[in-house]
Amino acid sequence: MKEIKALCRQNIWNLPSYTAIESEHSEKQDMLLLNANENPYNKPFNRYPTPQQQELKLLISSVKGVPAANIFLSNGSNEAIDMTFRIFCEPGVDNVVAISPTYDMYRRCAELNNIDYRSVLLDEHYQTTADNLLDACNEHTKLICICSPNNPTGNTIDHTVIKQVLYSFQGIVIIDEAYIDFANSPSFVKELAQYPNLIVLNTMSHAWGLAAIRLGMVFADKPIIDLFNKVAMPNNINALTQQQAIEALKDPFETAKRVSLIQQERARMLSAFQALPCCKKVYPTEANFFLAQMIDAQAIYDYLLHQGIAVHNCAHIEHCENCLRITIGTKTENQALLAALRKL
């Protein structure tokens with residue numbers, strides 16, 4: 001790969017690091033703090049949050065097996081995607097490559113930042129090859145985005161293909177592992193030491209059941225993490241988010257139990273959907289959702305809405321014609337969905 005300095009936008013590379021006034025003495029418990037224009041009343045919410053989130057990062061480090069120095073925290077993974085584009089891609093000049101169909105936020109962030117977006121259509125098994133991805137690149141391609149398990153298809157992208165891309169591509173490879181905790185496939189966070197051009201994204205939204213707190217995780221080589229820290233706004237993770245995440249991470253066994261329940265329900269739902277007369281095909285999945293091709297996706301979507309059940313209509317998405325994406329709910333919720341569909 002190219003050197004990080006050559007991949008990074010020059011103005012970002014030259015940007016001086018910023019230290020917020022309120023963070024200069026925030027770690028000292030006995031310090032009289034009159035430097036940051038904070039209100040002296042309404043403790044503990046009157047103070048700005050811990051800027052480097054060290055306690056939270058150490059807990060994530062112990063759970064994920066990644067050094068705290070290789071972790072950056074964002075307001076959901078979407079912010080991390082946008083920051084990656086802003087760090088590495090020169091507007092109006094550079095481009096990004098991504099698989100298709102996939103998470104639509106990559107395209108949206110590209111459009112927001114005036115970056116050319118190149119999509120590589122997956123095959124009928126929702127897989128691709130390293131050559132297909134690399135052939136879509138040119139000298140201005142800075143990023144390749146791979147969502148695995150992929151949204152909305154649910155499958156993981158072949159690890160051999162991803163490794164070939166990591167080895168051959170001269171730029172940055174983003175692997176979005178928002179749903180990896182539901183998968184049998186291993187996470188690429190274990191590969192960080194081998195690939196300095198690798199960024200792995202994760203989130204507290206799905207497996208941890210904390211979508212409301214908007215906490216994303218970035219795992220990468222330290223020079224890349226340093227760039228994220230340079231670009232991040234001061235105190236970017238609020239105190240309430242940090243507190244809730246810390247509480248959850250102190251009890252990872254509860255999350256593991258919930259993930260296991262979802263995996264069990266996933267297997268049951270895949271089997272049940274295959275037996276439905278209104279369903280033509282169910283695609284393999286390693287996420288907390290699955291993609292199903294229906295007889296008439298739009299009609300079934302409308303019918304379910306009338307029944308008070310919301311699923312995601314993917315009929316308008318390339319390569320997902322006549323498909324619905326179904327999130328795995330509780331057993332009671334799943335039974336209600338099946339009961340409604342059996343009445344068709």
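Contact here means that heavy atoms lie within 4.5 Å. With that in mind, let us walk through two parts of this predicted model: a helix pair and a sheet with its covering helices.

**The helix pair**

Helix H4 spans residues 76–88 and helix H5 residues 105–112; their axes are 10 Å apart and they pack at an angle of about 45°. The two helices are therefore oblique to each other, and their crossing is right-handed. On the H4 side, the residues that meet H5 are Asn78, Ile81, Asp82 and Phe85, while H5 brings Met105, Tyr106, Cys109 and Ala110. Sorted by character, the residues of this contact comprise six nonpolar, one polar and one charged.

**The sheet and its helices**

Further along the chain, four strands in the order E8-E9-E11-E10 make an open sheet with antiparallel pairing. Its edges are strand E8 (279–282) and strand E10 (312–313), each of which pairs on one side only. E8 and strand E9 (residues 289–294) run antiparallel and are joined by three bridges. Lysine 281 can be found opposite glutamine 293 in E9.

Two helices lie across strands of this sheet, as the table shows.

| Helix | Residues | Strands it lies across | Angle |
|---|---|---|---|
| H10 | residues 252–274 | E8, E9 and E11 (323–327) | about 5° to E9 |
| H11 | residues 297–306 | E9, E10 and E11 | about 40° to E11 |

Viewed from the strands, E9 and E11 each have both H10 and H11 lying across them. The edge strand E8 is among those crossed by H10, and the edge strand E10 is among those crossed by H11.

Technical notes:
Residues are numbered from 1 along each chain as its sequence is written. This is a predicted model: local features need pLDDT of at least 70, side-chain atom pairs count only at pLDDT 80 or more; totals for chains, interfaces and linings use all residues. Side-chain values use heavy atoms; hydrogens and water are left out. Axes are lines fitted to C-alpha atoms, for helices over the stretch in contact, and angles run from 0 to 180 degrees between N-to-C directions. Angles under 35 degrees count as roughly parallel, over 145 as roughly antiparallel, 65 to 115 as roughly perpendicular and the rest as oblique. A crossing is left-handed if the near helix is turned anticlockwise from the far one by less than a right angle, and right-handed if clockwise. Ala, Val, Leu, Ile, Met, Phe, Trp, Tyr, Cys and Pro count as nonpolar, Asp, Glu, Lys and Arg as charged, and the others, Gly among them, as polar. Two strands pair if DSSP finds at least two bridges between them.
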